[in-house]
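Here are my notes on the model you sent over, as numbered points. Have the viewer open while you read.

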Amino acid sequence: MVLSTLINHPERLNRETLYELRTLVARYPYFQTARILLLNNLYLLHEADFGTELRRSILYISDRR
């Protein structure tokens, strides 16, 4: 997974990228780009964890637009 590819082509987010992004966010919790991509991935896959992760990410993401 290359982050620049996922940023430029969010339609490539899938189950594999979900696992990789979760691992990346666990390792680097203040990495805002990875958190936003993780939230987008959860939303696209209609995961039940989306609401929980969104509430958790509010603390780490500075610009909420």
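1. Start with His-46, which is exposed, with a relative accessible area of 70%; anything over 50% goes in that class. His-46 sits in the loop between α3 and α4. What caught my eye is the backbone: His-46 is not a glycine, yet has a positive phi of about 55°. Most residues other than glycine have a negative phi. I'd have a look at that loop in the viewer before reading on.

2. A word on confidence. This is a predicted model, and the average pLDDT for the protein is 91, with 95% of the residues scoring at least 70. Where is confidence lowest, and where highest? The low end is helix α1 (residues 3-8), at a mean of 92, and the high end is α2, at 95.

3. On the overall fold: there are four helices and zero strands, so the order from the N terminus is simply α-α-α-α. The radius of gyration is 11 Å, close to the 11 Å that the globule rule gives for 65 residues, so the protein is as compact as a globular protein of that length. Its C-alpha trace spans about 25 × 25 × 25 Å along the principal axes.

4. How much of the chain is buried? Buried residues account for 26% of the 65 residues. As for how the chain comes back on itself, take the contacts between residues at least 6 apart in sequence: 44% of these join residues at least 24 apart.

5. Now the packing of α2 against α3. Helix α2 covers residues 15-27 and helix α3 covers residues 32-44; they pack at an angle of about 145°, and their axes are 9 Å apart. The crossing is left-handed. On the α2 side the contact is made by Thr-17, Leu-18, Leu-21, Arg-22, Leu-24 and Val-25, and on the α3 side by Ala-34, Arg-35, Leu-37, Leu-38, Asn-41 and Leu-42. By type, the residues of this contact split into eight nonpolar, two polar and two charged.

6. Thr-17 deserves its own point. It lies in helix α2 and takes part in the contact with α3. Is Thr-17 buried or exposed? Thr-17 has a relative accessible area of 8%, and the cut-off for buried is under 20%, so Thr-17 counts as buried. Leaving aside residues up to four places away in sequence, Thr-17 touches Leu-6, Arg-12 and Asn-41; of these partners, Asn-41 is listed on the α3 side of the helix contact. Thr-17 and Leu-3 are 14 residues apart along the chain, and their C-alpha atoms are separated by 9.9 Å.

7. Glu-53, in helix α4, is a charged residue by type and is buried, at 7% relative accessibility. Which residues does Glu-53 touch, not counting residues up to four places away in sequence? The partners are Arg-35, Leu-38, Leu-39 and Leu-42. Three of the names, Arg-35, Leu-38 and Leu-42, also belong to the α3 side of the contact with α2. From Glu-53 to Leu-42 the C-alpha distance is 8.7 Å, for 11 residues of sequence.

8. Ser-57 belongs to helix α4 (residues 50-57). Its relative accessible area is 1%, so Ser-57 is buried. Setting aside residues up to four places away in sequence, Ser-57 touches Arg-35 and Leu-39. Arg-35 and Leu-39 are also among the partners of Glu-53, so it helps to look at Glu-53 and Ser-57 together, as both are buried.

9. Last, two isoleucines. Ile-36 is in helix α3 and is partly exposed, at 44% relative accessibility. Ile-58 comes in the segment after α4 and is also partly exposed, at 39%. Between Ile-36 and Ile-58 there are 10 Å in space, C-alpha to C-alpha, for a sequence separation of 22 residues. Ile-58 and Glu-11, by contrast, are 47 residues apart in sequence and 23 Å apart in space, again C-alpha to C-alpha.

Definitions and conventions
Residues are numbered from 1 along each chain as its sequence is written. This is a predicted model: local features need pLDDT of at least 70, side-chain atom pairs count only at pLDDT 80 or more; totals for chains, interfaces and linings use all residues. Side-chain values use heavy atoms; hydrogens and water are left out. Axes are lines fitted to C-alpha atoms, for helices over the stretch in contact, and angles run from 0 to 180 degrees between N-to-C directions. Helices (H or I, at least four residues) and strands (E, at least two) are DSSP runs, numbered from the N terminus. A crossing is left-handed if the near helix is turned anticlockwise from the far one by less than a right angle, and right-handed if clockwise. Contact means heavy atoms within 4.5 Å. pLDDT is the predictor's confidence in each residue, from 0 to 100. The radius of gyration is taken over C-alpha atoms; the globule rule is 2.2 Å times the number of residues to the power 0.38. Buried means under 20% relative accessible area, exposed over 50%, partly exposed in between (1.4 Å probe, protein chains only).
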